[in-house]
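Colleague: Please choose one part of this model and take me through it closely, placing it in the chain as a whole before you go into detail. I work at the bench, so I would like each term explained when it is used.

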Amino acid sequence: MTMLDDHTTSAMWPAAYPQGYAVVDVETTGLARDDRIVSAAVYRLDARGDVEDHWYTVVNPERDPGPVWIHGLTSEMLADAPLFPEIAGELAERLDGRVLVAHNAIFDWSMIAREYARAARTAPTRQRLCTIALSKELGLPLPNHKLESLAAHFGVVQQRAHHALDDARVLAEAFRPSLHAAARGGVRLPLLECLPLTEWSDAPARPRAGYQPAYRQTSWRPSRKRPACPYPNPGRYEPGGALVQGMRVAFSGDTSVDRELLEDRAVEAGLHVATSVSRLTSLLVTNDPGSSTSKTVKAASYGTPVIDEAAFTQLLRDVAPARGSVPAPTAGSASGSVPAQAGGSVPAQAGGSVPAQAGELFPAPAARSVPADG
């Protein structure tokens, strides 16, 4: 699909739409509360989704860089990179007055908000827009909610998966036609408020006495009948490895992403969503591993691996295909959900930020972190 100007859309542009957007992608040391950003990219777009400029930087996380096999940034590459407080001002300039746009925006916003809180600053972001939510509002016929599927729908070619600048470029290219489709259809954009953190402690979070998040009233959900998973169970998840189609995944407690959406994404990736924990369970996903729910207690007794929601969301990006022959999808199952192979990320060299010349339309990221010609 080519992105030609739509004069009909231009003539009927909704007055209530935002005046500018900041398409963001961050790569991190992990997905937990205490993890850090290792690279960040921002594409600034005007009210109609046209590119104004773009910016990229690597960041020294002051700790192990985490999943190098995903983002490709080693400790050696990041040793001379700026610390987050040193790039916080530049990043703030690009976010200020704009809606933050990201794929699974709650994750990118949470990581950014935590970094600003650690730096005793506040991110100047008041609203965010998740492109997963927007694609659902538009009813796009996507096989799953992966960025690669959204990109393929709009004919956008990914060059360096999990490279922050290329992921932001791909998302910016896919967001523009999505925005125009929403304007044509009079769709209300799924904007959510960004509440910045005003203080930060590096101490482990301590739950309040008598408070069990997993038992909040909003955690109750009616069960849903799902089609049988077409893949055999390959066994337990190996920490540090990839998810494999057919793995049995259970969820416990509250999640930042709507539980049904999270379960749908798991099913579409070829995983089996289990309603309870047994010896056959491959993985338990919970944001409160210290709680005393039946699932966490059973997981501890069986030695079932446990990860949090953010880590699980990251792993969903690259689910390995089922071993052996791939069965034909059953009716209602996630047909066409073919995960990308891991290892496609080409790391950038460590260094400072990379500004782009205004008006440059979706350039591919440079192989080295040097200023663009200006």
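**A parallel sheet and its helices**

Modeller: The chain holds 11 helices and 11 strands, where a helix is a DSSP run of H or I with at least four residues, a strand is a run of E with at least two, and both are numbered from the N terminus. The model is predicted, so local features need a pLDDT of at least 70 and side-chain atom pairs count only at pLDDT 80 or more, while totals for chains, interfaces and linings use all residues. Residues are numbered from 1 along each chain as its sequence is written, and side-chain values use heavy atoms, with hydrogens and water left out.

Of the 374 residues in the chain, 52% are buried, that is, under 20% relative accessible area, whereas exposed means over 50% and partly exposed lies in between, with a 1.4 Å probe and protein chains only. The chain exposes about 17500 Å², of which carbon and sulfur atoms supply 52%; these areas come from the Shrake-Rupley method with a 1.4 Å probe, and for residues only the protein chains shown count as cover. Among contacts with a separation of 6 or more, 71% join residues that are 24 or more positions apart, a contact being heavy atoms within 4.5 Å.

The part I have chosen is an open sheet of 4 strands with parallel pairing, in the order β8-β7-β9-β10; two strands pair if DSSP finds at least two bridges between them. Its edge strands are β8 (272-274) and β10, each of which pairs on one side only. Between β9 and β10, which run parallel, there are 2 bridges, and V285 stands opposite I307 in β10.

Two helices can be followed onto this sheet. Helix α9 (residues 259-268) packs on the sheet by touching β7 and β8, and its direction makes about 170° with that of β7; such angles run from 0 to 180 degrees between N-to-C directions, and the axes are lines fitted to C-alpha atoms, for helices over the stretch in contact. Helix α10 also packs on the sheet, but touches β7, β9 and β10, with its direction at about 140° to that of β9.

Helix α10 spans residues 294-302, and its buried residues are K295, T296 and A299. Seen down the axis of α10, these buried residues fall within an arc of 95°, so they line one face of the helix; the arc is that of the directions from the helix axis to the C-beta atoms. An α-helix has 3.6 residues a turn, so residues three or four places apart point the same way. The buried residues of α10 pack against β7 (248-252), β9 (283-286) and β10 (306-307), while the face turned away from that buried side carries the exposed residues A300 and S301. Just after α10, G303 takes a positive phi of about 75°.

Two residues elsewhere in the chain also take a positive phi, though neither is a glycine. For E62, in the loop between β3 (51-58) and α2 (68-71), phi is near 60°, and E62 is exposed at a relative accessible area of 54%. For H162, in the loop between α7 (147-153) and α8 (164-185), phi is about 70°, but H162 is buried at 11%.
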